[in-house]
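Reader: I am in my first year and would like to learn how to read a protein model with some care. Could you take me through this one by way of questions and answers?

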Amino acid sequence: EERHETKALRQRLLVVANRLPVSAVRKGEDVWSLEISAGGLVSALLGVKEFEARWIGWAGVNVPDEIGQKALTKALAEKRCIPVFLDEEIVHQYYNGYCNNILWPLFHYLGLPQEDRLATTRSFQSQFEAYEKANQMFADVVNKHYEEGDVVWCHDYHLMSLPKCLKKHNKNMKVGWFLHTPFPSSEIHRTLPSRSELLHFVLAADLVGFHTYDYARHFVSACTRILGLEGTPYGVEYQGKLTRVAAFPIGIDSERFIRALDHPRVQDHIKELQERFKGRKVMLGVDRLDMIKGIPQKILAFEKFLEEDPYWRDKVVLLQIAVPTRTDVPEYQKLTSQVHEIVGRINGRFGTLTTVPIHHLDRSLDFYQLCALYAVTDVALVTSLRDGMNLVSYEFVACQEKKKGVLILSEFAGAAQSLGAGAILVNPWNVTEVAAAIARALKMPSAEREKRHKHNFLHVTSHTAQEWAGTFVSELNDTVIEAQLRTRQ
Ligand code: G6P
């Protein structure tokens, strides 16, 4: 028993993701301040506590000089983080280019870039080469810090060739890879020029994980249809072994949110917000300003609702927090102006001298402000056009024990499979349907709200980030042991 415990305590985990849970801001030649990064991946990984985990990733800044690199490495070490330094050119080609202009939209069913096909086709190759080069840079850092017995957990679409790089260097390394986005239908994946390479790279891992069963199935179909491999209910036969493929739905650290609600800072914010929006129902959207989040569609649905139901015009407010993201990618810049234009038009149309129907913020909020907002919200609107899981919906539910507000949730978010019974599910492309869902949510009787909330709250508090990580890592350990037993036979 005792030996088992020491072993469990010493289970070291190397978590490798493009973005570290903290991003660095330079304050002086050798002075750095660290801020929590945005996004679902980080939100979940912060909840992973049981392991002796170390994080390897990019700190979100270019640090060309040695003094800066040394100081940042030291500051990050206190947070158990190890930086991978990427220069501007690599960031441009790998992060802005291949990851966020090609893979991200494709995996969310938005297709490959359409404009200037020739230029895009030419740059595919160089961006893909940069992608492979960047992945090798991550692998070099992992290899440097790896100790025998470590489990290496690679994350997301940025690092699809990492499993291959790691296994090439050390075939005994335990390597898992988890995708935080949807994996699209194989018919979408096959349009990608480097479709086969990416599948081969990922199959080098021992365990491949997705948020939902559907994504796992799409991945296995891509391997069978594009590579002609044998798929089984457990995974894919690959080079004489089984690469295990399975679904591991992610969660949040719900306790952290529930506890925060009693914090005096959150209580103060709650009072301020209640005062500010007295007599009005509060509707909330919290998204990174990304085309997959369906922000323009959501705002247009809100406009339609106001248009059809004048009664509500001065009795409801939509707070939309749009966290800036990937601001060097032109598609994201276009989206910002588009959203601003729609918000301006609607506020001009339905605003009065003292109030506007939409409060739109282009920035992030601190954790306490965010918890307070979730707590005072009557109706949350999560209308992603596609979303791997969407943890904003989970965070909202965690903060609603008192209010028991309504969640309107896109059927194209992974979360629809877990919170579907408690939420009002909508097709975000159908503005009329979303407008009707808003009306229904605002008028929903409290007994129904309570019932729906209870369902979701139970799910969010029992399927946590900790449980997700624990299941993935123990499955990875089992997979490797099984494979060893099979080779010995
Ligand atoms: C999504 C991705 C993450 C990413 C996050 C924020 O959640 O799955 O890998 O970190 O968005 O995006 P960014 O590009 O700022 O890291």
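Reader: At what angle do helix α12 and helix α17 pack?

Author: Please keep in mind throughout that this is a predicted model. Helix α12 covers residues 295-308 and helix α17 covers residues 431-443, and their axes lie 8 Å apart. The crossing of α12 and α17 is right-handed, and the angle at which the two helices pack is about 65 degrees.

Reader: How many nonpolar, polar and charged residues make up the contact of α12 with α17?

Author: On the side of α12 the contact is made by Gln297, Lys298, Leu300, Ala301, Phe302, Lys304, Phe305 and Glu308, while α17 brings Val431, Thr432, Val434, Ala435, Ile438 and Ala439. Sorted by kind, the residues of this contact of α12 with α17 come to 9 nonpolar, 2 polar and 3 charged.

Reader: Which helix gives the most residues to the largest nonpolar core?

Author: The largest nonpolar core has 145 residues, and Ile438 is among those with the most contacts inside it, together with Val16, Val152, Phe219, Leu407 and Ile408. The helix that gives the most to this core covers residues 88-107 and supplies 9 residues, and it is α4.

Reader: Leaving aside its neighbours within four places in sequence, with which residues is Leu407 in contact?

Author: Leu407 is one of the residues with the most contacts inside the largest nonpolar core. Once the neighbours within four places in sequence are left aside, Leu407 is in contact with Ala380, Val382, Ser393, Phe396, Val397, Leu419, Gly422, Ala423 and Asn456.

Reader: Why is helix α14 described as largely enclosed by the rest of the structure, and how many of its residues are buried?

Author: The buried residues of α14 are Leu370, Cys371, Ala372, Leu373, Tyr374, Ala375 and Val376, and they pack against α10, α11, β12, β13 and α15. Helix α14 runs over residues 367-376, and it is largely enclosed by the rest of the structure because the buried ones among its 10 residues number 7.

Reader: Are α11 and α14 parallel or oblique to each other?

Author: The axes of α11 and α14 come within 8 Å and cross at roughly 50 degrees. The contact is made by Arg265, Val266, His269, Ile270, Leu273 and Gln274 of α11 and by Tyr368, Gln369, Cys371, Ala372, Leu373, Ala375 and Val376 of α14, with a division into 9 nonpolar, 3 polar and 1 charged. Given that crossing angle, α11 is therefore to be called, with respect to α14, oblique.

Reader: In the case of α8 and α9, is the crossing left-handed or right-handed?

Author: Helix α8 (residues 195-203) and helix α9 (residues 213-227) have axes that come within 10 Å and cross at roughly 125 degrees, and the two helices are therefore oblique to each other. In this pair Arg195, Ser196, Leu199 and Leu203 of α8 meet Ala222, Cys223, Ile226 and Leu227 of α9, and these residues divide into 6 nonpolar, 1 polar and 1 charged. As α8 passes α9, the crossing is left-handed.

Reader: Does Lys315 count as buried or exposed?

Author: Lys315 has its place in the loop between α12 and β13, and, not counting residues up to four places away in sequence, Lys315 touches Arg280 and Lys281. A residue is taken as exposed if 12 or fewer other C-beta atoms lie within 10 Å of its own. Lys315 has 11 C-beta neighbours inside 10 Å, and so it counts as exposed.

Conventions. Residues are numbered from 1 along each chain as its sequence is written. This is a predicted model: local features need pLDDT of at least 70, side-chain atom pairs count only at pLDDT 80 or more; totals for chains, interfaces and linings use all residues. Axes are lines fitted to C-alpha atoms, for helices over the stretch in contact, and angles run from 0 to 180 degrees between N-to-C directions. Helices (H or I, at least four residues) and strands (E, at least two) are DSSP runs, numbered from the N terminus. Angles under 35 degrees count as roughly parallel, over 145 as roughly antiparallel, 65 to 115 as roughly perpendicular and the rest as oblique. A crossing is left-handed if the near helix is turned anticlockwise from the far one by less than a right angle, and right-handed if clockwise. Two residues are in contact if their C-beta atoms, placed from the backbone, lie within 7 Å. Ala, Val, Leu, Ile, Met, Phe, Trp, Tyr, Cys and Pro count as nonpolar, Asp, Glu, Lys and Arg as charged, and the others, Gly among them, as polar. A nonpolar core is a set of buried Ala, Val, Leu, Ile, Met, Phe, Trp, Tyr and Cys residues joined through C-beta atoms within 7 Å. A residue is buried if 20 or more other C-beta atoms lie within 10 Å of its own, exposed if 12 or fewer, and partly exposed in between; C-beta atoms are placed from the backbone.
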